Amino acid sequence: MAKTVTNEQMRQQQSFILKLKEENQRFAVENGRQRLALTETYGCQQNENDTERIRGMLREAGFDFTEDSKKADVVIYNTCAVRENAEQKVFGRLGILKHIKQSRPEMIIGICGCMVQQEHITEKIKSVHEHVDLVFGTHALYRMPELLYKAMHQKKTVVEIESSDGEIAEDIPIMRENAQKAWVSIMYGCNNFCSYCIVPYVRGRERSRTPEAILKEVQELVDSGCTEISLLGQNVNSYGKDLDIEIDFSDILRMVNDIEGVERIRFMSSHPKDLSDKLIQTMKECDKVCKQLHLPFQAGSNRILEQMNRRYTKEQYLAKIERVKKEIPGISLSTDVIVGFPTETKEDFEDTIDVLKKVEFDNIFSFIYSRREGTPAAKLDFVLTEDEIHANFDRLLEVQNEISKRKNDAYVGRIEKVLVDGSSKNDSDILSGRCDSSKIVNFKGDKSLIGKYVDVRITEAHTWSLNGELIEN
Ligand code: SAM
Ligand code: SF4
Ligand code: F3S
């Protein structure tokens with residue numbers, strides 16, 4: 001069972017929150033304005049959820065928020081390491097902040113998250129980006145108040161990177177993005193070590209939260225008016241394996257389904273090797289679990305799957321999809337695909353296209369392989385040229401776009417229950433929300449419907465979204 005951060009450690013952080021708050025109150029009196037913080041997130045939902053915690057701690061410490069880096073007193077970038085372009089973006093942003101800090105030296109620049117959990121990146125920041133005041137890794141998130149306090153009081157850069165397997169910190173303050181929908185992390189880390197992926201190195205080993213902690217968080221969310229819960233983990237199907245009690249992901253799903261006030265449950269991600277018949281059955285039986293499954297297959301060729309250390313074959317993947325489709329007819333399917341993994345040939349890529357055509361996903365998230373230092377795949381050589389890889393990527397999108405459009409066309413005429421997220425930036429009469437299968441639905445309606453569930457008749461299908469008309473009750 002994973003170690004939990006002690007109450008004493010959490011109390012210590014609370015005392016730093018109070019110290020920051022006192023200083024911020026003094027600052028407000030002296031300067032006639034509140035101190036402002038800016039946060040930016042690069043990366044997955046897990047990172048978004050971590051940023052909500054960072055913002056929660058900042059808010060309790062008396063900071064207000066801005067989106068303008070020129071006005072911010074504290075800037076915190078929560079970074080991602082999964083692909084090189086995510087890292088390049090952060091370095092680009094740090095370059096811009098350097099100029100701002102020249103005119104406002106009191107500004108605090110913090111960088112945290114997955115990217116800085118890698119030693120070569122931290123070294124680069126320390127040597128090339130000396131204007132960064134605070135660097136903390138994924139395992140030190142709960143200690144942000146203490147680290148920020150130190151960064152505001154010492155001239156030297158504060159660096160806190162632990163290379164431990166990670167602990168679990170409960171009850172970190174949180175400021176959620178959305179009142180209706182919430183992410184709830186049920187576990188952290190990953191044990192799968194897919195050969196291309198940096199996540200296990202930067203997030204540590206799999207650690208499951210206790211069912212009590214998860215259910216308490218969901219109950220609190222429901223009490224505050226939230227109705228849609230997305231359970232998060234790098235591989236939710238491994239949930240519970242590290243706990244002392246007999247419990248698995250299906251059990252948690254059922255427990256959340258039983259909570260009165262929860263309307264919709266989503267989850268991600270699932271590793272195909274661990275998708276059990278029990279989970280399929282649970283999804284089928286639980287009325288609040290959305291009939292939607294994200295099941296990343298990454299590549300179609302068995303040789304590439306083996307090199308990726310994915311531990312399933314194309315045939316096994318397709319068989320699981322068949323079972324899911326049979327048990328839950330009409331289920332909406334999505335996946336992740338990597339194009340241009342080292343050693344991938346044109347023939348290998350044809351297997352990826354074949355899986356797309358056989359499964360007919362509703363949508364896919366496709367990525368060009370990005371070499372990650374320290375992962376086993378980084379040592380492998382490429383067979384295809386960059387141009388050939390890009391051509392394959394374009395073809396993948398072309399094949400999928402046709403499938404996505406066809407899947408969406410089948411929605412025309414249907415009545416879908418939509419949770420309204422907001423209105424269009426250009427036209428406030430156009431509302432946008434998601435139906436059970438998570439497809440985006442746009443329709444005309446009054447802004448007062450934001451946050452509510454409404455019935456919408458689908459009238460038109462696009463590749464990425466649906467249009468419809470509100471059915472007035
Ligand atoms: N744990 C989840 C899973 O296995 O489905 C998500 C992992 S990762 C955050 C999301 C996606 O990024 C992966 O499914 C994979 O397609 C992609 N990815 C991971 N490492 C990559 C790399 N080195 N280059 C390109 N894409 C990568
Ligand atoms: Fe990365 Fe594989 Fe773990 Fe997903 S399951 S986070 S792709 S190592
Ligand atoms: Fe997520 Fe990126 Fe970290 S995808 S787990 S933020 S490396």
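**Notebook: ligand 1, α11 and serine 437**

I began at the ligand: a polar side-chain atom of arginine 83 lies 3.1 Å from an oxygen atom of ligand 1, which I log as a polar contact (a pair of N or O atoms within 3.5 Å). Note to self: this is a predicted model, where local features need pLDDT of at least 70, side-chain atom pairs count only at pLDDT 80 or more, and totals for chains, interfaces and linings use all residues. Residues are numbered from 1 along each chain as written, ligands from 1 in the order written, and side-chain values use heavy atoms, without hydrogens and water.

Next I looked at glutamine 298, which has a polar side-chain atom 2.7 Å from an oxygen of ligand 1. Taken alone, the ligand exposes 560 Å², and the protein buries 91% of that (Shrake-Rupley, 1.4 Å probe).

Then I checked helix α11, residues 314–327 (helices are DSSP runs of H or I, at least four residues; strands are E, at least two). I found Lys314, Tyr317, Leu318, Lys320, Ile321 and Val324 buried (under 20% relative accessible area, 1.4 Å probe, protein chains only). Seen down the axis, the buried residues fall within an arc of 160 degrees (directions from the axis to the C-beta atoms), so they line one face of α11. They pack against α9, β12, α10, β13 and α12 (contact: heavy atoms within 4.5 Å).

Last stop was serine 437, in the loop between β16 and β17. Is serine 437 buried or exposed? I have it as buried, at 9% relative accessibility. Its side chain makes a polar contact of 2.9 Å with that of tyrosine 411.

Technical notes. The expected span of a helix is 1.5 Å times one less than its number of residues. Buried means under 20% relative accessible area, exposed over 50%, partly exposed in between (1.4 Å probe, protein chains only). A polar contact is a pair of N or O atoms within 3.5 Å; within protein, one must be able to donate a hydrogen and the other to accept it, and residues adjacent in sequence count only if both atoms are side-chain atoms.
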